[in-house]
Amino acid sequence: MTISTAQSHPNIAFIKYWGNRAAVLRLPVNGSISMNLDGLFTRTTVAFNSSANDSLVVNNRAETGKSLERVSSILDLVREMAKIKEKAEATSENNFPSGAGIASSAAAFAALALAASTAAGLNLSEAELSRLARRGSGSAARSIPTGFVEWQAGTSDADSFAFSIAPPEHWNLTDCVAVVNATHKKTGSTEGHAVAGTSPLQNARVADAPRRLELCRNALLNKDFEALAKIIELDSDMMHAVMLTSAPPLMYWQAATIGIFHAVREWRASGLPAAYTVDAGANVHVICLSEYAKTIQKRLSELPDVSEVLVAGVGGPARIVSASVT
Ligand code: PMV
């Protein structure tokens with residue numbers, strides 16, 4: 001049996017995925033676009049062995065219940081593809097807070113898909129890895145390819161995967177993540193996706209998605225910061241409008257979150273290229289041109305209730321760190 005370690009970055013969605021049309025397969029209702037976050041990573045080791053059950057250790061803590069089941073379901077898919085029966089030991093660590101809207105599940109399932117498939121002797125293509133990662137957490141599909149990434153919604157398991165639209169060196173963007181609440185969120189995105197369709201705003205958000213995807217793709221390819229700023233703020237606000245109006249309503253924002261929105265808009269109006277976007281949490285991702293990252297990090301850290309500001313450039317793909325035969 002081989003043991004394999006993979007590392008992957010979380011990603012921040014510029015055009016968000018919110019809602020599935022097939023929950024088990026995690027086929028999204030709309031396509032999405034993101035940027036991988038350099039410097040932040042999950043590193044996961046998988047070893048298939050003779051133990052009686054799968055096991056999972058995250059940041060030195062043994063996990064059971066739902067988290068282990070979710071990991072086992074990905075291991076089952078790998079076992080099926082590799083035609084093996086062995087159980088596996090998965091060990092994972094993050095260098096950033098998990099479950100706080102910093103896409104820890106994206107990095108986790110991308111690293112798991114790569115480590116597990118490699119340890120099982122499979123040599124999956126990027127699209128196959130992206131599809132496998134998607135089954136653990138939709139946004140994980142986007143942490144497999146490099147740089148700026150688009151996940152095409154697709155119509156079935158076979159064509160719902162992500163691909164790179166530009167490498168990291170294409171554009172020097174930085175994500176300054178203002179951490180206002182590093183504790184684990186109450187409602188995870190899996191439950192959130194399940195109620196997205198109850199919002200009367202969701203159909204309009206989904207119907208308009210191709211337009212926003214095109215605006216975002218063009219802004220990225222043309223390196224047009226003002227256009228990018230407008231579309232990512234609109235898309236984030238639209239997703240949170242859906243969250244706020246679903247049944248039950250989900251309010252991920254804290255007072256500090258909204259304070260940061262106002263500050264970022266004022267900074268931009270006075271000539272500082274910065275724009276906000278928020279995933280399923282209270283923390284605010286402030287996207288800026290890299291030369292302004294230091295200024296923005298300092299300004300964010302001076303705002304009320306900001307406990308920490310994480311800074312990440314554009315990250316590369318999920319990759320194997322080591323693989324060996326035991
Ligand atoms: O991959 P999930 O199920 O954790 O969903 C991610 C949802 C958002 O982070 C809110 C948006 C996105 O596209 O990443």
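1. Pro-248 sits in the loop that runs between α7 and α8 (255-269), the elements being DSSP runs numbered from the N terminus (helices H or I, at least four residues; strands E, at least two). The model is a predicted one, in which local features need pLDDT of at least 70 and side-chain atom pairs count only at pLDDT 80 or more, while totals for chains, interfaces and linings use all residues. Residues are numbered from 1 along each chain as its sequence is written, and side-chain values rest on heavy atoms, with hydrogens and water left out.

2. The backbone geometry at this loop deserves a check, since the peptide bond that leads from Ala-247 to Pro-248 is cis, with omega near 0°. As background, most peptide bonds are trans, and most residues other than glycine have a negative phi. Two lysines also have a positive phi: the value is about 55° for Lys-83 and near 50° for Lys-223.

3. Both of these lysines are loop residues, Lys-83 being placed between α1 and β9 and Lys-223 between α6 (209-221) and α7. Lys-83 counts as exposed because its relative accessibility is 73%, whereas Lys-223, at a relative accessible area of 44%, is partly exposed; the classes are buried under 20%, exposed over 50% and partly exposed in between (1.4 Å probe, protein chains only).

4. Turning to the ligand, 14 residues surround it, and the closest are Tyr-17, Ser-137, Ser-139, Arg-142 and Ser-189; a residue is taken as near if one of its heavy atoms lies within 4 Å. By residue class, this shell divides into five nonpolar, six polar and three charged members, where Ala, Val, Leu, Ile, Met, Phe, Trp, Tyr, Cys and Pro are nonpolar, Asp, Glu, Lys and Arg charged, and the others, Gly among them, polar. Domain 1 (2-168) and domain 2 (170-312) each contribute at least three residues to the shell, the bounds coming from an automatic or database domain assignment.

5. Several polar approaches to oxygen atoms of the ligand can be listed. A polar side-chain atom of Arg-142 comes to 2.8 Å from a ligand oxygen, a backbone N or O atom of Gly-138 lies 3.3 Å from one, and a polar side-chain atom of Asp-279 lies 3.4 Å from one. The ligand on its own has 380 Å² of accessible area, of which the protein covers 96%, with areas taken from the Shrake-Rupley method and a 1.4 Å probe.

6. Arg-142 also links the ligand shell to strand β2 (residues 11-15), where Asn-11 is found, through a polar contact of 2.8 Å between the side chains of Asn-11 and Arg-142; such a contact is a pair of N or O atoms within 3.5 Å, one able to donate a hydrogen and the other to accept it. The side chain of Asn-11 makes a further polar contact, of 2.9 Å, with that of Ser-143. Asn-11 counts as buried because its relative accessibility is 1%, and its C-alpha atom is 9.8 Å from that of Phe-41, which is 30 residues away in sequence.

7. Two other buried polar or charged side chains are worth inspecting. Gln-7, in strand β1 (residues 2-8), is buried at a relative accessible area of 9%, and its side chain is joined to that of Arg-43 by a polar contact of 2.7 Å. Glu-233, in helix α7, is buried at 2%, and a polar contact of 2.9 Å connects its side chain with that of Arg-265.

8. The largest nonpolar core has 31 residues, and the members that touch the most others are Val-46, Phe-48, Val-71, Leu-75, Val-78, Leu-112 and Leu-132; a core is a set of buried Ala, Val, Leu, Ile, Met, Phe, Trp, Tyr and Cys residues joined through side-chain atoms within 4.5 Å. Two or more residues come from each of β6 (42-49), α1 (65-82), β9 (87-94), α2 (104-119) and α3 (126-136), and α2 gives the most, with eight. A second core, separate from this one, holds 27 residues, including Leu-37, Leu-40, Trp-171 and Ala-219.
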